[in-house]
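This report describes the fold, the interior, the ligand site and several individual residues of the protein shown below.

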Amino acid sequence: MAAETIFSKIIRREAPADIVYQDDLVTAFRDIHPQAPVHILIVPNKAIPTVNDVQPADEAALGRLFSVAGKLAHEMGIAEDGYRLLVNCNRHGGQVVYHLHMHLLGGRPLGPMLLRP
Ligand code: AMP
């Protein structure tokens with residue numbers, strides 16, 4: 001059993017969040033510290049800590065992350081201009097919350113993918 005994070009409480013609606021989508025496999029809510037005009041987190045309802053922990057049985061939920069990202073991008077009016085989907089893993093990836101999540105970022109030009117050192 002993976003250790004729970006705040007995201008599990010958000011999924012169960014036990015912690016406050018601006019949930020924009022939820023179904024049987026995934027939940028999407030606005031990031032509390034948005035880095036762009038649109039910054040949504042899309043998370044599997046199952047608490048998978050990192051990409052390293054993904055199992056074949058998780059493929060339906062992880063595929064759903066992409067279909068929901070595209071749907072929300074259309075609904076939020078950023079599909080045509082474009083957006084970025086980001087998944088961080090562990091320390092070097094900059095992961096802070098250990099419940100796998102996809103960032104959907106858009107609403108302005110996002111610049112180069114990585115900051116140069
Ligand atoms: P990461 O660095 O990929 O683990 O990103 C974690 C993200 O979760 C950050 O962008 C945080 O701002 C966001 N976050 C942390 N706690 C909350 C919360 N309670 N509600 C919404 N977003 C959160």
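## Fold and order of elements

Along the sequence, the secondary structure elements of the protein follow the order α-β-β-β-α-β-α-β. This amounts to three helices and five strands. The model is predicted, and local features are described where pLDDT is at least 70.

The part of the chain that precedes the second helix includes α1, residues 6–11, and β1, residues 19–22, as well as β2 (26–30) and β3 (38–44). Helix α2 spans residues 59–75, and strand β4 covers residues 83–86. Helix α3 comprises residues 90–93, and β5 covers residues 102–106.

## Overall dimensions and surface

The radius of gyration of the protein is 14 Å; for 117 residues a compact globule would have a value near 13 Å, so the two agree. Taken along the principal axes, the box filled by the C-alpha atoms is roughly 40 × 35 × 30 Å.

Of the 117 residues, 36% count as buried. The protein exposes about 7,300 Å², of which carbon and sulfur atoms supply 57%. Among contacts with a sequence separation of 6 or more, 55% join residues that are 24 or more positions apart.

## Nonpolar cores

In soluble globular proteins, nonpolar side chains tend to be buried together. In this model, the largest nonpolar core holds 17 residues, and the members that touch the most others are Ile40, Ile42, Leu65 and Leu72. At least two residues of this core come from each of β2, β3, α2 and β5. Helix α2 supplies the largest share, with six residues. A second core, separate from this one, has seven residues, including Phe7, Ile10, Ala15 and Phe29.

Which residues does Ile40 contact beyond its neighbours within four places in sequence? Its partners are Val20, Ala28, Phe29, Arg30, Asp31, Leu72, Met76, Met102, His103 and Leu104. One of these partners, Leu72, is also among the members of the largest core with the most contacts to other members. Another, Phe29, belongs to the second core.

## Ligand site

Sixteen residues surround the ligand, and those that come nearest are Asp31, Gly94, Val96, His101 and His103. Of these, Asp31 and His103 also appear among the contacts of Ile40.

Three polar approaches to ligand oxygen atoms can be described. A polar side-chain atom of Asp31 is 2.5 Å from an oxygen atom of the ligand. In the case of Val96, a backbone N or O atom lies 2.7 Å from a ligand oxygen. For Val97, the corresponding distance from a backbone N or O atom is 2.9 Å. On its own the ligand has 510 Å² of accessible area, and the protein covers 83% of this.

## Two aspartates in loops

Asp58 and Asp81 both occupy loops that adjoin α2: Asp58 is in the loop between β3 and α2, and Asp81 is in the loop between α2 and β4. Are they buried or exposed? Asp58 has a relative accessible area of 4% and therefore counts as buried, the limit being under 20%. Asp81, at 78%, is exposed, because the threshold for that class is over 50%.

Leaving out residues up to four places away in sequence, Asp58 touches Lys46, Ile48 and Asp53. Asp81 and Leu100 lie 19 residues apart along the chain, with 26 Å between their C-alpha atoms.

## Backbone features and Gly70

Arg13 and Asn90 each have a positive phi without being glycine: the value is about 60 degrees for Arg13 and near 60 degrees for Asn90. Arg13 is located in the loop between α1 and β1, and its relative accessibility of 55% places this residue in the exposed class. Asn90, by contrast, belongs to helix α3 and is partly exposed, with a relative accessible area of 30%.

Gly70 sits in helix α2. With a relative accessible area of 19%, Gly70 is classed as buried, because the limit is under 20%. The separation between Gly70 and Arg12 is 58 residues in sequence and 24 Å in space, taken from C-alpha to C-alpha.

How values were computed: Residues numbered from 1 in each chain as written. Predicted model: local features only at pLDDT ≥ 70, side-chain atom pairs only at ≥ 80, totals over all residues. Heavy atoms only, no water. Core = buried A, V, L, I, M, F, W, Y, C linked by side-chain atoms within 4.5 Å. Buried < 20%, exposed > 50% of the residue type's maximum accessible area, 1.4 Å probe, protein only. Helix = DSSP H or I, 4+ residues; strand = E, 2+ residues; numbered from the N terminus. Contact = heavy atoms within 4.5 Å. Near = heavy atom within 4 Å. Polar contact = N/O pair within 3.5 Å; in protein donor to acceptor, adjacent residues only side chain to side chain. Areas by Shrake-Rupley, 256 points an atom, 1.4 Å probe, with all protein chains shown as cover. Rg over C-alpha atoms; globule rule 2.2 N^0.38 Å.
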